[in-house]
Amino acid sequence: MTSRRQPTARQRALLSELEAVFLAEGFSQFTLDDLAARLHCSKSTLYALAPSKEQLAVKVVTHFFKGAAELLEERIDGIDDARKILGEYLAGISEYLNRASAAFMTDIAEFAPARDAYQLNSRVAAGRIRSFIDRGVTDGVFREVHARLIAEMAGLIIEGIQTGVIGQRAGVTDAEAFTALSEVLLGGLEPKMS
């Protein structure tokens with residue numbers, strides 16, 4: 001059984017610095033030499049994070065989405081109302097993605113391993129949304145709906161956001177698309193007035 005070595009404080013700091021650079025400028029145009037110069041480190045220091053530029057990009061993208069997942073869970077911790085949970089969760093996704101430049105999102109879309117990391121994150125988010133809808137229906141704060149169907153539809157929209165189809169067709173950012181998804185879901189799940 002092999003154990004993964006925990007990154008050093010310097011490696012964690014470099015990963016955060018790389019994330020900031022990639023979020024602002026994307027990653028496809030950089031070489032390892034560029035990144036080493038930019039971060040004032042050696043290429044061997046970068047190779048300690050990942051054995052290639054491509055694997056480094058995937059590591060940074062994965063780090064970004066892992067950070068998003070952790071912040072989203074913290075954001076909804078302690079909230080009991082499913083409407084508020086769903087609203088906060090989707091608003092959090094929108095805010096988090098708003099940090100990412102168009103160049104970063106384009107690079108993710110055009111690089112299959114990074115795109116796979118985004119897709120995995122999107123599937124997890126769709127599962128969480130389904131659990132919030134189930135809870136809201138059970139608690140009576142959402143009208144009686146086929147929660148699995150609504151969650152699958154939301155999952156398809158998330159996939160459309162993630163692949164860039166919705167943004168391209170509607171002329172919006174991923175963050176704006178998640179805001180709109182939140183409005184549609186919360187409005188559509190409201191109990192009908194009698």
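Colleague: Let's start with a pair of charges. Which side chain meets that of R38 in a salt bridge, and at what N to O distance?

Modeller: Keep in mind that this is a predicted model. A salt bridge here needs a side-chain nitrogen of Lys or Arg within 4 Å of a carboxyl oxygen of Asp or Glu. R38 meets that mark with E25, at an N to O distance of 2.3 Å.

Colleague: How many residues apart in sequence are the parts that R38 and E25 tie together?

Modeller: R38 belongs to helix α2 and E25 to helix α1, so their salt bridge joins parts that are 13 residues apart in sequence. R38 is partly exposed at 37% relative accessibility, and E25 is partly exposed at 29%. The separation you asked for is 13 residues.

Colleague: Staying with helix α2, which of its residues are buried?

Modeller: Helix α2 covers residues 32–39. To count as buried, a residue needs a relative accessible area under 20%. In α2 the buried ones are L32, L35, A36 and L39.

Colleague: Within what arc do these buried residues of α2 fall, seen down the axis?

Modeller: A helix has 3.6 residues a turn, so residues three or four places apart point the same way. The buried residues of α2 line one face of the helix, because down its axis they fall within an arc of 100°.

Colleague: Which helices do the buried residues of α2 pack against?

Modeller: Packing here is about contact, meaning heavy atoms within 4.5 Å. The partners of the buried α2 residues are α1 (9–25), α3 (43–49) and α4 (53–76).

Colleague: And which residue takes a positive phi just after α2?

Modeller: Look just past the end of α2, which spans residues 32–39. There, a positive phi of about 55° is taken by H40.

Colleague: Back to charges! Which residue forms a salt bridge with E19, and where does that partner lie?

Modeller: The N to O distance of this salt bridge is 3.2 Å, and the partner of E19 is R99. E19 sits in helix α1, so its bridge ties together parts that are 80 residues apart in sequence. The partner is R99, in the loop between α5 and α6 (102–110).

Colleague: Is E19 buried or exposed?

Modeller: The cut-off for buried is under 20% relative accessible area. E19 has 8% relative accessibility, whereas R99 counts as partly exposed at 40%. By that cut-off, E19 is buried.

Colleague: How many salt bridges does the count come to?

Modeller: One of them is between R10 and E17, at 3.7 Å from N to O. There is also a network of salt bridges that links R75, E88 and E95. The full count is ten.

Colleague: Now to helix α5. Which residues does S94 touch, leaving out those up to four places away in sequence?

Modeller: S94 is found in helix α5, residues 82–98. S94 is buried, with a relative accessible area of 8%. The residues in touch with S94 are A175, E176, F178 and T179.

Colleague: Finally, let's view the whole protein. How many helices does the protein have?

Modeller: The protein has zero strands, and buried residues make up 41% of its 194 residues. Its C-alpha atoms fill a box of roughly 65 × 40 × 25 Å along the principal axes. As for helices, the number is ten.

Conventions:
Residues numbered from 1 in each chain as written. Predicted model: local features only at pLDDT ≥ 70, side-chain atom pairs only at ≥ 80, totals over all residues. Heavy atoms only, no water. Buried < 20%, exposed > 50% of the residue type's maximum accessible area, 1.4 Å probe, protein only. Helix = DSSP H or I, 4+ residues; strand = E, 2+ residues; numbered from the N terminus. Arc of directions from axis to C-beta.
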